[in-house]
Amino acid sequence: MAEGLRERKVRLTRRRIEKAAVDFAYEGGIKSVTVEQICDAAMVSRSTFFNYFSSLDQAIFGPPLEYDPALTERLLTTHSDDLVVAASLIVTESVRGQTDDAVTRRRLALFAREPGTTSAVSWAAHDSRERLVAVIAAWLDSHRELARLPDDDSETEARLIVAMSITVGDEGIRDLQEVDGELVIDPAPYIRARRRLAAVLAD
């Protein structure tokens, strides 16, 4: 019983800190947020903040993403003709989360409000990128007929897909509509961004 109460306290404290960080960033912009503001709002000390989060960015943007197998399978299958768009949508939906969570919904809206944030966070989040590369490489291994590279190098193809999806995601998310503080995820802006990228990369 005591262990359960301790775990609950840890979870609630972490949640208060995270909510304060995201709320301040959403209301005033990412660059305006300070650890001191968050600590005051969450009623914790600076040392407690750093016991829970290694940096201010981690409190605002969250831990490395975990990718739900059902979500990734659905999006990769639906967008099998363009895995760059699929990867962008996987990240967007994973940031939002698959539960009714006000913090993750607001975090996603924050990405759309602050141009360039998606790219900055994606390139900084090594674990998130590597996990997505692994997911896409495994999917390509199971669907070799859909691979674009002829040399059976699924990992290389997956790395290129993820790298391009970061750019497409950063462009596409700017055009998503925000309704009552929640971003409505629509593939159309990602598809448009992907076509523009293809035009720029064309020989």
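In this predicted model, Ser119 makes contact with Ile166 and Asp170, leaving aside residues up to four places away in sequence. Ser119 belongs to helix α8, and its relative accessibility of 19% makes it buried, because the cut-off for that class is under 20%. Along the chain, Ser119 and Val168 are 49 residues apart, yet their C-alpha atoms lie 9.3 Å from each other in space.

Ile166, Asp170 and Val168 all appear among the buried residues of α10. The buried set of this helix also includes Ser154, Glu157, Ala158, Ile161, Val162, Ser165, Gly169 and Gly172. A look at the spacing is helpful here: an α-helix has 3.6 residues a turn, so residues three or four places apart point the same way. The length of α10 can be checked as well. With 19 residues at 1.5 Å a residue, α10 should span 27 Å, and the 25 Å between its end C-alpha atoms agrees with this.

Helix α8 comes up again in the largest pocket, to whose lining it gives the largest share, six residues. The volume of this pocket is about 600 Å³. Other elements that contribute two or more residues to the lining are α4 (56-61), α6 (83-96), α7 (102-113), α9 (126-142) and α10 (154-172). In total, 33 residues line the pocket, and those nearest its centre are Phe61, Val121, Ser122, Ala125 and Ser128. By residue type, the lining is made up of 17 nonpolar, 13 polar and three charged residues.

Attention can now turn to the packing of the protein. In soluble globular proteins, nonpolar side chains tend to be buried together. Here, the largest nonpolar core holds 54 residues, and the members that touch the most others are Ile17, Phe49, Ile60, Leu132, Ile136 and Ile173. Helix α6 is the biggest contributor to this core, with nine residues. Ile136 offers a good view of the packing: apart from residues up to four places away in sequence, Ile136 touches Leu76, Ala87, Ala158, Ile161 and Val162. Of these partners, Ala158, Ile161 and Val162 are listed among the buried residues of α10.

Ile136 can also be placed relative to Glu73, a residue of helix α5 (residues 69-78). The two are separated by 63 residues in sequence, while the distance between their C-alpha atoms is 9.5 Å. Glu73 has a relative accessibility of 39% and therefore counts as partly exposed.

Another glutamate, Glu18, lies in helix α1 (residues 2-28). Glu18 has a relative accessible area of 9%, so this residue is buried. Its contacts, not counting residues up to four places away in sequence, are Phe53, Ala59, Gly62, Pro63, Val103 and Arg107.

Two further residues complete the description. Met43 sits in the loop between α2 (35-42) and α3 (46-52). Although Met43 is not a glycine, its phi is positive, at about 60 degrees. Met43 is exposed, because its relative accessible area is 67%. Ile191, in turn, is located in helix α11 (residues 187-201). With a relative accessible area of 30%, Ile191 is partly exposed. Ile191 and Lys31 are 160 residues apart along the chain, and 30 Å separates their C-alpha atoms.

Methods
Residues numbered from 1 in each chain as written. Predicted model: local features only at pLDDT ≥ 70, side-chain atom pairs only at ≥ 80, totals over all residues. Heavy atoms only, no water. 1 Å grid on protein atoms, 1.4 Å probe; cavity = no way out; pocket = protein on both sides within 12 Å on 5 of 7 lines; lining within 4 Å. Points joined across faces, edges and corners; volume = space filled by probe spheres on them. Helix = DSSP H or I, 4+ residues; strand = E, 2+ residues; numbered from the N terminus. Nonpolar A, V, L, I, M, F, W, Y, C, P; charged D, E, K, R; others polar. Core = buried A, V, L, I, M, F, W, Y, C linked by side-chain atoms within 4.5 Å. Buried < 20%, exposed > 50% of the residue type's maximum accessible area, 1.4 Å probe, protein only. Contact = heavy atoms within 4.5 Å. Expected span 1.5 Å × (residues − 1).
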